[in-house]
Amino acid sequence: MKMKLILHVLVILLAIISLFMLIPAGIALFYGETECLRAFLLPIIVLLPLAIGLYVITRKNRDKVMSPRDGFMLVSLAWISASALGAMPFYLSGTIPSFTDAYFETMSGFTTTGASILTAIEGLPFSILFWRSLTHWLGGMGIVVLTVAVFPLLGIGGLQLLKAEAPGPSVDKITPKIAHTAKLLWFIYLGMTVIETLLLLLGGMNLFDSLTHTFGTMATGGFSTKNTSVGYYDSPFIHWVITIFMVMAGLNFALYFKLLTGRIKGFLIDSEMKAYLGIFLIASLAITFSLMKNHVFHGFFESLRYAAFQVASILTTTGFATTNYDLWPEFSKTILFLMMFVGGCAGSTGGGIKVVRIVTLFKLAFRELKRLIYPRGVFHLRLNKMVLRKDIISVITGFVFLYVFTLLVTTVVVAGGGYDILSSFSTALVTVGNIGPGFNLVGPTMNFSFFQPGIKWFLSLAMMMGRLEIYTVMVLFIPHFWRKL
């Protein structure tokens with residue numbers, strides 16, 4: 001294990017995060033939030049000199065090639081330490097008196113889960129609300145991918161790091177150089193952030209709310225500045241803008257690069273994209289007709305607006321809400337419950353199992369059915385007109401098993417605290433899947449403050465495992481990982 005290299009990159013990452021704290025510190029200064037200003041400046045004052053010192057110490061006589069083991073270790077340590085650093089403003093300002101709760105809230109932010117322990121959001125200082133949403137935006141494309149973008153300056157190859165961080169089953173290198181890829185992803189991410197912010201401003205939101213809700217949308221996170229989430233804004237325009245951008249954030253960002261470079265055919269033949277949009281449309285229409293049948297809303301278009309918003313929110317694992325869907329008809333809730341198992345596309349900011357894995361498993365099951373009919377037949381699994389390698393299929397099936405296993409273990413841990421099975425399983429789904437709100441005790445109008453501290457720490461681990469695709473964290477628990485090569 002190249003600990004000197006890992007520490008070298010880690011201190012740079014934490015320094016970058018501390019510099020981002022200057023933004024909410026400026027907001028605290030503008031609004032006269034003295035305690036919050038101190039809470040943001042103190043970690044910066046303490047960390048930056050320490051980071052500079054460690055950087056100088058570790059820059060000499062270190063390896064410059066990162067192995068897969070180094071990448072897995074660094075990514076896991078990055079999320080743990082970033083959440084600890086990010087929790088300090090909540091804790092030091094007294095906004096969240098318990099460090100356990102502050103860490104849970106921050107891990108939920110960086111992992112773009114959106115599960116919150118806060119009860120009265122609208123009464124919080126502006127700087128704290130902004131930092132809370134900014135953790136979403138930073139975690140959305142990946143804190144580590146941000147660091148990869150500056151790796152050429154550090155003389156470190158970033159491919160292994162991006163492989164460990166990438167939110168999908170494979171890394172699609174847009175350009176030959178991995179650092180250039182990371183920069184392009186961030187430019188696309190930033191561009192979409194600007195466009196949505198402007199549209200929300202046109203819809204009547206103020207600049208502060210437009211930015212914070214855009215952060216939550218693009219990161220598929222779900223933190224809102226309002227107690228009733230997006231439902232606070234009784235505006236069809238705002239609802240549809242956020243719906244559309246949630247769906248866009250759930251797509252593979254590599255597809256946007258193909259569109260921008262004129263490779264429209266590569267975009268149109270993408271199997272995962274077509275399956276993803278098909279799932280969204282079918283689920284939205286099914287819930288729309290269910291809502292109309294039960295006279296929940298007035299007419300088709302209003303029902304469609306609420307249905308499409310909530311399907312997009314759950315499918316992309318964003319977690320915003322425009323109404324209490326826990327009161328909807330059982331059929332509608334069942335559809336939403338099923339969406340929690342799907343997630344966004346590989347290479348998106350969304351969580352969950354990912355559509356490409358669902359598609360692959362369906363193709364695998366259909367192939368086995370054909371083999372029962374034609375035992376001597378030779379059948380290949382194809383995705384985007386390309387044959388899938390056996391090792392990729394094995395990785396996908398292994399991931400789904402570990403994902404379900406993690407869900408079951410998390411359910412047992414939560415149920416061990418004395419909670420009912422629906423709330424326990426729903427909690428497991430929304431934390432491992434990075435969704436945010438669920439059903440029953442963790443429904444859209446509830447929060448996670450009532451859980452015991454031990455369960456909150458375990459759920460923080462579950463959120464990190466879900467965000468880092470299970471393998472990255474679970475491999476650290478294998479004895480072989482720690483043996484010298």
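This is a short tour of a predicted model, stop by stop, with what to select at each one. Local features here need pLDDT of at least 70 and side-chain atom pairs count only at pLDDT 80 or more, while totals for chains, interfaces and linings use all residues. Residues are numbered from 1 along each chain as its sequence is written, and side-chain values use heavy atoms, with hydrogens and water left out.

**Stop 1: helices 15 and 16**

Select residues 271-293, which are helix 15, and residues 299-315, which are helix 16. Helices here are DSSP runs (H or I, at least four residues) numbered from the N terminus. Two packed helices are described by the angle between their axes and the distance between the axes. For helix 15 and helix 16 the angle is about 135° and the axes are 8 Å apart. Axes are lines fitted to C-alpha atoms, for helices over the stretch in contact, and angles run from 0 to 180 degrees between N-to-C directions. Helix 15 and helix 16 are therefore oblique to each other; angles under 35 degrees count as roughly parallel, over 145 as roughly antiparallel, 65 to 115 as roughly perpendicular and the rest as oblique. Their crossing is right-handed (the near helix is turned clockwise from the far one by less than a right angle; anticlockwise would be left-handed).

Now show the side chains in the contact (heavy atoms within 4.5 Å). Helix 15 brings residues including Tyr276, Phe280, Ile287 and Met292, and helix 16 answers with Phe300, Leu304 and Val311, among others. By class, this contact has 16 nonpolar, 4 polar and no charged residues. Ala, Val, Leu, Ile, Met, Phe, Trp, Tyr, Cys and Pro count as nonpolar, Asp, Glu, Lys and Arg as charged, and the others, Gly among them, as polar.

Before moving on, select His295 in the loop between helix 15 and helix 16. His295 has a positive phi of about 55° although it is not a glycine. With 70% relative accessibility, His295 counts as exposed (over 50% is exposed, under 20% buried and in between partly exposed, with a 1.4 Å probe and protein chains only).

**Stop 2: helices 5 and 21**

Next, pick residues 99-110 for helix 5 and 453-467 for helix 21, whose axes come within 9 Å and cross at roughly 15°. This pair is therefore roughly parallel, and the crossing is left-handed. Look for Phe99, Tyr103 and Met107 among the helix 5 residues that meet helix 21, where Trp457, Met463 and Arg467 are included. The contact of helix 5 with helix 21 has 10 nonpolar, 3 polar and 3 charged residues.

**Stop 3: two loop residues**

Thr112 sits in the loop between helix 5 and helix 6. Thr112 is buried, at 1% relative accessible area. Beyond four places in sequence, its contacts include His136, Thr220, Asn434 and Arg467. Then go to Glu469, in the loop between helix 21 and helix 22. Glu469 is not a glycine, yet has a positive phi of about 65°, and is buried at 6%.

**Stop 4: the core**

Finally, select Ile242, Phe253 and Phe448, the residues with the most contacts inside the largest nonpolar core, which has 135 residues. Such a core is a set of buried Ala, Val, Leu, Ile, Met, Phe, Trp, Tyr and Cys residues joined through side-chain atoms within 4.5 Å. Around Phe253, and more than four places away in sequence, look for contacts including Met141, Leu185 and Tyr189. Val430 of helix 20 is buried at 0% and touches Phe448, Met340 and Thr113, among others.
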